[in-house]
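The following exercises are to be worked with the sequence and the coordinates at hand. Each task is followed by a solution in steps.

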Amino acid sequence: NGTTAVAIFNTGEDTHSLRNISIPLEKLGFAKPPHFTDVWANQELGRLDAKYKPTLARHSAILLVLFP
């Protein structure tokens, strides 16, 4: 159905070490920005674009589901 799950982990000690991380949408098979949901927050967040760059505290993670 075109749904992709993406987990991002911050295994470092710097609270802002993932501030500038981007999600390679084209490599994941999305030609245009997909809709996305934060699974753990149970929040639909609209369309994912290059501006979305999560900041994760050390030793935390985020789980996203992307869909066309």
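**Exercise 1. Confidence**

What is the mean pLDDT of the protein, and what percentage of its residues reach 70 or more?

*Solution.* The model is predicted, and confidence is therefore examined before geometry, given that coordinates should not be read in detail where pLDDT is low. The mean pLDDT is 85, and 91% of the residues reach 70 or more. Strand 1 (residues 4-9) has the lowest confidence, with a mean of 92, while strand 2 has the highest, at 96.

**Exercise 2. Overall architecture**

Determine the secondary-structure content of the protein and assess its overall dimensions.

*Solution.* Step 1: the protein contains four strands and zero helices, giving the pattern β-β-β-β along the sequence. Step 2: its radius of gyration is 12 Å, close to the 11 Å that the globule rule gives for 68 residues, so the protein is as compact as a globular protein of that length. Step 3: the C-alpha trace spans about 35 × 25 × 15 Å along its principal axes. Step 4: 26% of the 68 residues count as buried. Step 5: of the contacts between residues at least 6 apart in sequence, 69% join residues at least 24 apart.

**Exercise 3. Sheet topology**

Establish the strand order of the sheet and identify the strands at its edges.

*Solution.* Step 1: the four strands form an open sheet in the order 1-4-2-3, and the pairing is antiparallel. Step 2: strand 1 and strand 3 each have a single partner strand and stand at the edges, so one side of each lacks a neighbour in the sheet. Step 3: from one strand to the next, the twist averages 25°. Step 4: strand 2 (residues 35-38) is joined to strand 3 (residues 43-47) by three bridges, and to strand 4 (residues 61-67) by four bridges.

**Exercise 4. The surroundings of D38**

Which residues are the bridge partner of D38 in strand 3 and the residue opposite D38 in strand 4? Describe the further contacts of D38.

*Solution.* Step 1: D38 belongs to strand 2. Step 2: its bridge partner in strand 3 is Q43, and in strand 4 L64 stands opposite D38. Step 3: the relative accessible area of D38 is 13%, under the 20% limit, so this residue is buried. Step 4: the D38 side chain reaches the backbone nitrogen of W40 at 3.2 Å, and a polar atom of that side chain lies 3.1 Å from the backbone nitrogen of A41. Step 5: beyond four places in sequence, D38 touches Q43, L45, I62, L63 and L64.

**Exercise 5. The hairpin residue N42**

Is N42 buried or exposed, and what is the sign of its phi?

*Solution.* Step 1: N42 lies in the loop between strand 2 and strand 3, a hairpin with four residues between the strands. Step 2: its relative accessible area is 69%, over the 50% limit, so N42 is exposed. Step 3: most residues other than glycine have a negative phi. N42 is not a glycine, yet its phi is positive, at about 55°.

**Exercise 6. The loop residue F30**

Locate F30 and characterise its environment.

*Solution.* Step 1: F30 is in the loop between strand 1 and strand 2. Step 2: with a relative accessibility of 7%, F30 counts as buried. Step 3: leaving aside neighbours within four places in sequence, F30 contacts G2, T4, L25, L66, F67 and P68. Step 4: F30 and F67 are 37 residues apart in sequence, while their C-alpha atoms are 8.8 Å apart in space.

Terms used. Residues are numbered from 1 along each chain as its sequence is written. This is a predicted model: local features need pLDDT of at least 70, side-chain atom pairs count only at pLDDT 80 or more; totals for chains, interfaces and linings use all residues. Side-chain values use heavy atoms; hydrogens and water are left out. Two strands pair if DSSP finds at least two bridges between them. Helices (H or I, at least four residues) and strands (E, at least two) are DSSP runs, numbered from the N terminus. pLDDT is the predictor's confidence in each residue, from 0 to 100. Axes are lines fitted to C-alpha atoms, for helices over the stretch in contact, and angles run from 0 to 180 degrees between N-to-C directions. Buried means under 20% relative accessible area, exposed over 50%, partly exposed in between (1.4 Å probe, protein chains only). A polar contact is a pair of N or O atoms within 3.5 Å; within protein, one must be able to donate a hydrogen and the other to accept it, and residues adjacent in sequence count only if both atoms are side-chain atoms. Contact means heavy atoms within 4.5 Å. The radius of gyration is taken over C-alpha atoms; the globule rule is 2.2 Å times the number of residues to the power 0.38.
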